[in-house]
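Please open the model in your viewer and keep the sequence panel beside it. The stops below each begin with something to select and then describe what is there.

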Amino acid sequence: GGDELMHDQAAMFPELSPMEQAFLLIIREHRGAVNAIGLPDMAQKLGLGRGKNGQRIAQKIKKHLVEEHAVPVGSSCGEHHGWYTPETAQEIADTIGQYESRLRSLSVLIARTKRCTPAELLRQQAIQFEQEAIPA
């Protein structure tokens, strides 16, 4: 049946840990953005529970599979948010768009933070203190 086929596919990646193989089998069941699996559900299916710690581990597994093994994992923040196996060029483009959006956001955070020298932070705190000290 279908189960044997999936186990055969996992066997084609002997370099993956059992947890990575489990992730691969689960993500392949979620084909297309409309079938995306949310992070808490993925963590639970991996046996990690739905909590933040299990979710962090699931995220690390996904990151490793994408970066080190070139496993295509779609990411959607839309109506069906979560991870999925991309089926179309558009789904791959949408996932890249998600990553680029995060990258732009991080770039702004980095630039803003770099401008915050200790002197600048002290100046901002002094202004804030003055504003708080002035009775309304």
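Begin by selecting Leu106, whose place is in helix H5; helices here are DSSP runs of H or I with at least four residues, strands are runs of E with at least two, and both are numbered from the N terminus. Leu106 counts as partly exposed because its relative accessibility is 48%, where buried means under 20% relative accessible area, exposed means over 50%, and partly exposed lies in between, with a 1.4 Å probe and protein chains only.

Before going further, note that this is a predicted model, in which local features need pLDDT of at least 70 and side-chain atom pairs count only at pLDDT 80 or more, while totals for chains, interfaces and linings use all residues. Residues are numbered from 1 along each chain as its sequence is written, and side-chain values use heavy atoms, with hydrogens and water left out.

Now add Leu109 and Ile110 to the selection, and you will have a nonpolar surface patch formed by Leu106, Leu109 and Ile110, with about 290 Å² of accessible area together. Patches are made of residues with over 30% relative accessible area and no salt bridge, with nonpolar side chains (Val, Leu, Ile, Met, Phe, Trp, Tyr) joined within 5 Å and like charges within 9 Å; the areas come from the Shrake-Rupley method with a 1.4 Å probe, and for residues only the protein chains shown count as cover.

Staying in helix H5, select Thr95, which counts as buried because its relative accessibility is 5%. If residues up to four places away in sequence are set aside, Thr95 touches Val73, Gly74, Ser75 and Tyr84, a contact being heavy atoms within 4.5 Å.

**The whole chain**

Zoom out and colour by secondary structure: the protein chain has six helices and two strands, and their order along the sequence is α-α-α-α-β-β-α-α. Of the 136 residues in the protein chain, 26% are buried, and the chain exposes about 9400 Å², of which carbon and sulfur atoms supply 58%. Among contacts between residues at least 6 apart in sequence, 43% join residues at least 24 apart.

**Helix H4**

Select residues 52-69, the 18 residues of helix H4, whose end C-alpha atoms are 25 Å apart, in agreement with the 26 Å that they should span at 1.5 Å a residue; the expected span is 1.5 Å times one less than the number of residues. Which residues of H4 are buried? They are Gly54, Gln55, Ala58, Ile61, Lys62 and Leu65. Seen down the axis of H4, these buried residues fall within an arc of 120°, so they line one face of the helix, the arc being that of the directions from the helix axis to the C-beta atoms. The buried residues of H4 pack against helix H2 (18-29), helix H3 (39-45), strand E2 (82-84) and helix H5 (89-114), whereas on the other side of H4 the residues Lys52, Asn53, Lys60 and Glu68 are exposed. Just after H4 comes Ala70, whose phi is positive, near 55°.

**Salt bridges**

A salt bridge is a side-chain nitrogen of Lys or Arg within 4 Å of a carboxyl oxygen of Asp or Glu, and by this rule there are three. While H4 is still in view, select Lys63 and Glu67, whose side chains meet in a salt bridge at 3.1 Å, N to O; being four residues apart in helix H4, Lys63 and Glu67 are separated by about one helical turn.

Next, show Lys45 and Glu29, which form a salt bridge with their closest N and O atoms 3.9 Å apart. This pair links distant parts of the chain, with Lys45 in helix H3 and Glu29 in helix H2, 16 residues apart.

Then select Arg50 and Asp41, whose side chains meet in a salt bridge at 2.5 Å, N to O. Add Gln44, which lies in helix H3 and, leaving aside its neighbours within four places in sequence, is in contact with Gly49 and Arg50. Gln44 and Gly54 are 10 residues apart in sequence, and their C-alpha atoms are 7.6 Å apart in space.

**Helix H6**

Finally, select residues 118-133, which make up helix H6, with 16 residues and a reach of 22 Å from its first C-alpha to its last, close to the 22 Å expected at 1.5 Å a residue. How many of the 16 residues of H6 are buried? The number is zero, so H6 lies largely in the open.
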